[in-house]
Amino acid sequence: MHKKLYQIITGLPSSNKCWCSYVIADDPTAAWEKVKDYIEKKDIGFSIDRRLKSIEVIAEDCDFTSYDSKLFL
């Protein structure tokens with residue numbers, strides 16, 4: 001499996017308040033776990049603000065990617 005660069009946005013879905021992170025991981029679940037573990041360990045924001053809002057693949061580490069950008073590791 002190729003590594004991918006994910007943009008993860010957390011925050012309260014009904015508000016404009018959000019926090020954006022970029023993570024390199026094998027899959028979206030692993031990417032979200034990295035962010036979630038970090039913000040919980042550091043006790044960042046209120047628990048309601050720690051909800052996953054969106055995950056998007058930005059780039060992939062392979063020669064023939066279906067995304068617009070290539071990730072170089």
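**Exercise 1. The overall layout**

Which pattern does the protein chain follow when read along the sequence? Work from the predicted model, and then describe the extent and the surface of the chain.

*Solution.* Begin with the elements themselves: the protein chain has one helix and three strands, and, read along the sequence, these follow the pattern β-β-α-β. Next, consider the extent of the chain, whose C-alpha atoms fill a box of roughly 40 × 25 × 15 Å along the principal axes. The accessible surface comes to about 5100 Å², of which carbon and sulfur atoms hold 53%, and 29% of the 73 residues count as buried. Finally, turn to the contacts between residues at least 6 apart in sequence, among which 47% join residues at least 24 apart.

**Exercise 2. The sheet and the helix across it**

Determine the order of the strands in the sheet, state which of them are edge strands, and place the helix relative to the strands.

*Solution.* The first step is the strand order, which is β2-β1-β3 in an open sheet of three strands with antiparallel pairing. The edge strands are β2 and β3 (52-60), each of which pairs on one side only. Neighbouring strands of this sheet are turned by 20° against each other on average, with direction ignored.

The second step is to follow the pairing from strand β1 (residues 4-11), which pairs with β2 in the antiparallel sense over eight bridges, while seven bridges join β1 to β3, again with the strands running antiparallel. Individual residues can be placed within this pairing: Tyr6 has Val23 as its bridge partner in β2, Ile9 stands opposite Cys20 in β2, and Gln7 stands opposite Glu56 in β3.

The third step is the helix: α1 (residues 28-41) lies across β1, β2 and β3, and runs at about 125° to β2.

**Exercise 3. The surroundings of strand β1**

Why is β1 described as largely enclosed by the rest of the structure? Sort its residues by the way they point.

*Solution.* Start from a general rule: in a regular strand the side chains alternate between the two faces of the sheet. In β1, Lys4, Tyr6, Ile8 and Thr10 point one way, whereas Leu5, Gln7, Ile9 and Gly11 point the other way. The next step is burial, for which a residue must have under 20% relative accessible area. Eight of the eight residues of β1 are buried, so the strand is largely enclosed by the rest of the structure.

**Exercise 4. Trp19 and its aromatic partner**

Where does Trp19 lie, which residues does it contact, and how are the rings of Trp19 and Tyr38 arranged?

*Solution.* First, locate the residue: Trp19 is in strand β2 (residues 18-25), and at 32% relative accessibility it counts as partly exposed.

Second, look beyond its neighbours within four places in sequence, where Trp19 is in contact with Ile8, Ile9, Thr10, Val35, Tyr38, Ile39 and Ile44. As for Ile9, its C-alpha lies 5.6 Å from that of Trp19, although the two residues are ten apart in sequence.

Third, examine the rings. A search of the whole structure finds one aromatic pair. The ring centres of Trp19 and Tyr38 are 6.5 Å apart and the planes stand at 20°, so this pair is stacked. Because Trp19 lies in strand β2 and Tyr38 in helix α1, the pair ties together parts that are 19 residues apart in sequence. Tyr38 counts as partly exposed, at 43% relative accessibility.

**Exercise 5. Three further sites**

Describe the surroundings of Cys20, the backbone of Asp43 and the placement of Lys70.

*Solution.* Take Cys20 first, which is in strand β2 and counts as partly exposed at 34% relative accessibility. Leaving aside neighbours within four places in sequence, Cys20 is in contact with Gln7, Ile8 and Ile9. The C-alpha atoms of Cys20 and Ile48, which are 28 residues apart along the chain, are separated by 16 Å.

Continue with Asp43, which lies in the loop between α1 and β3 and has a positive phi of about 55° although it is not a glycine. Asp43 is exposed, with a relative accessible area of 56%.

Conclude with Lys70, which lies over the face of Phe72, at 4.8 Å from the ring centre.

Methods: Residues numbered from 1 in each chain as written. Predicted model: local features only at pLDDT ≥ 70, side-chain atom pairs only at ≥ 80, totals over all residues. Heavy atoms only, no water. Contact = heavy atoms within 4.5 Å. Pairing = 2+ DSSP bridges. Helix = DSSP H or I, 4+ residues; strand = E, 2+ residues; numbered from the N terminus. Axes fitted to C-alpha atoms, helices over the stretch in contact; angles between N-to-C directions. Phe/Tyr/Trp six-rings, centres within 6.5 Å; stacked < 30°, edge-to-face > 60°. Buried < 20%, exposed > 50% of the residue type's maximum accessible area, 1.4 Å probe, protein only. Lys NZ or Arg CZ within 6 Å of the ring centre and 35° of its normal. Areas by Shrake-Rupley, 256 points an atom, 1.4 Å probe, with all protein chains shown as cover.
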